[in-house]
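User: I'd like to learn how to read a few features of a structure. Could you walk me through them?

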Amino acid sequence: MIVIAIGGNSLIKDAMHMSVPDQYAAVVETARHITDLLERRYHIVITHGNGPQVGFILLRSEHSRGILHQVPIDSIVADTQGALGYQIQQALENEFHRRGLKNSVATIVTQTLVDRTDPAFAQPSKPIGQFYTRAEAEDRMRVEKWAMVEDAGRGWRRVVASPKPVRILESEVVKHLVKDGYVVIAAGGGGIPVVADEQGNLSGVAAVIDKDLASAVLAEAISADLLVISTAVEKVCLNYGKPNEQALDRMTVAEARRYVAEGHFQAGSMLPKVQACLQFLEAGGREALITCPEALSTALAGKTGTRIVP
């Protein structure tokens, strides 16, 4: 069984192709690569990011300010799980039909439990949504009680907590569906962030969960053999973008830890992907793989990509 994490940014090719039809076209392309794996008898669970899509909904909400109510972050994550899950599900089913495959796809609205005492709630740091002027930011902080920060001279942005995922609440449902032969789409956007009170009652919170870390938690919970992080590059590189750039075919956990300590991976880019792989492996996972969507098949055949092993 493999868990494949697809980045939300990978569904947007460039600034000229951000519409829903453009995103669907990118999904169709990724669906072809995933179906190649299905034909090789892999059991597949798909997770996906939602960063840009959350930003679009926040912007729409901002433009309707004073006319409609603000949409809570947990509801926005749920919205994007449904919309992107629908696109991925439809693209896969169309590809299955084209190839004469009888497989079915199920999209699960997924909640991710986080710790209400997680330090991230005391220090919100994840920027979301648009840029504001100082006056607009002061208004939002006063009226909406948002936490906001000035962002490198470009304006002010809202920041929310990014707590660590503790448990994927629907992981048993995912496991059963995979066992019954379904391709499953789950933990979209890292999952809908929820906390539990003393009685175990759940409630949504204003937070954003890293989808790669959530994918690692899900992969562990369903006893996946392999965690695949699909991203924009074919291989992980040391000294990325520099004259001495070095692509990696393989890393052990110890080597990856050393590279992280040496600062080779950027916080907003490759670092969370490597950390997710390390978390999966240290929890008992057999292997992790980082590569781009178009290289999925050849990477699983051992011909490209970066493999991380215990």
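**Cysteines, cores and a cavity**

Analyst: Happy to. Going by sulfur-to-sulfur distance, the count of disulfides here comes to zero. Keep in mind that this is a predicted model.

User: Why is C277 not in a disulfide?

Analyst: A disulfide needs two cysteine sulfurs within 2.5 Å. The closest cysteine sulfur to that of C277 belongs to C292 and sits 15 Å away, so it is too far for a bond. C292 isn't in a disulfide either: its nearest cysteine sulfur, that of C237, is 11 Å off.

User: Are C277 and C292 buried or exposed?

Analyst: Buried means under 20% relative accessible area. C277 has a relative accessible area of 0%, so it is buried. C292 is buried too, at 5%.

User: Next, cores. What should I look for, and how many residues does the largest nonpolar core have?

Analyst: The general idea first: in soluble globular proteins, nonpolar side chains tend to be buried together. Here the largest nonpolar core has 48 residues, and the ones with the most contacts inside it are V45, V184, M251, F265, I290 and I308. Several elements give two or more residues to this core, among them β1 (2–6), α5 (171–179), α7 (253–261) and β16 (287–291). The largest share, seven residues, comes from α8.

User: Which residues is I308 in contact with, sequence neighbours aside?

Analyst: Leaving out neighbours within four places in sequence, I308 is in contact with M251, C277, L278, L281, E287, A288 and I290. So C277, the buried cysteine from before, is on that list. There's also a second, separate core of 25 residues, which includes V27, A31, L84 and A299.

User: What about cavities: how many of 30 Å³ or more turn up in a search of the whole structure?

Analyst: The search finds one, with a volume of about 50 Å³. To read a cavity, check who lines it: here that's I6, L11, V27, T30, A31, I34, I88 and L92. Two elements give two or more residues to the lining, α1 (20–38) and α3 (73–99), and α1 supplies the largest share, four residues. By character, the lining splits into seven nonpolar residues, one polar and no charged. V27 and A31 show up in this lining and also in the second core.

User: Can we try a single residue? Where does L238 lie, and is it buried or exposed?

Analyst: L238 lies in strand β13 (residues 237–238). Its relative accessible area is 6%, so it counts as buried. Apart from neighbours within four places in sequence, its contacts are N244, E245, Q246, L248, Y259, H264 and F265. F265 is one of the residues with the most contacts inside the largest core.

User: Last one: how do I read phi, and which residue has a positive phi of about 75 degrees?

Analyst: Most residues other than glycine have a negative phi. R41 goes the other way, with a positive phi of about 75 degrees although it is not a glycine. R41 sits in the loop between α1 and β2 (44–48), and at 75% relative accessibility it counts as exposed. K145 also has a positive phi, of about 65 degrees, and isn't a glycine either. You'll find K145 in the loop between α4 (134–143) and β6 (147–150), where it is exposed, with a relative accessible area of 67%.

Notes
Residues are numbered from 1 along each chain as its sequence is written. This is a predicted model: local features need pLDDT of at least 70, side-chain atom pairs count only at pLDDT 80 or more; totals for chains, interfaces and linings use all residues. Side-chain values use heavy atoms; hydrogens and water are left out. On a 1 Å grid over the protein atoms alone, a cavity is a set of points where a 1.4 Å probe fits but cannot get out, and a pocket is an open set with protein on both sides within 12 Å along at least five of seven lines; lining residues have an atom within 4 Å of a point. Grid points are joined across faces, edges and corners, and a volume is the space filled by probe spheres set on the points. Ala, Val, Leu, Ile, Met, Phe, Trp, Tyr, Cys and Pro count as nonpolar, Asp, Glu, Lys and Arg as charged, and the others, Gly among them, as polar. A nonpolar core is a set of buried Ala, Val, Leu, Ile, Met, Phe, Trp, Tyr and Cys residues joined through side-chain atoms within 4.5 Å. Buried means under 20% relative accessible area, exposed over 50%, partly exposed in between (1.4 Å probe, protein chains only). Contact means heavy atoms within 4.5 Å.
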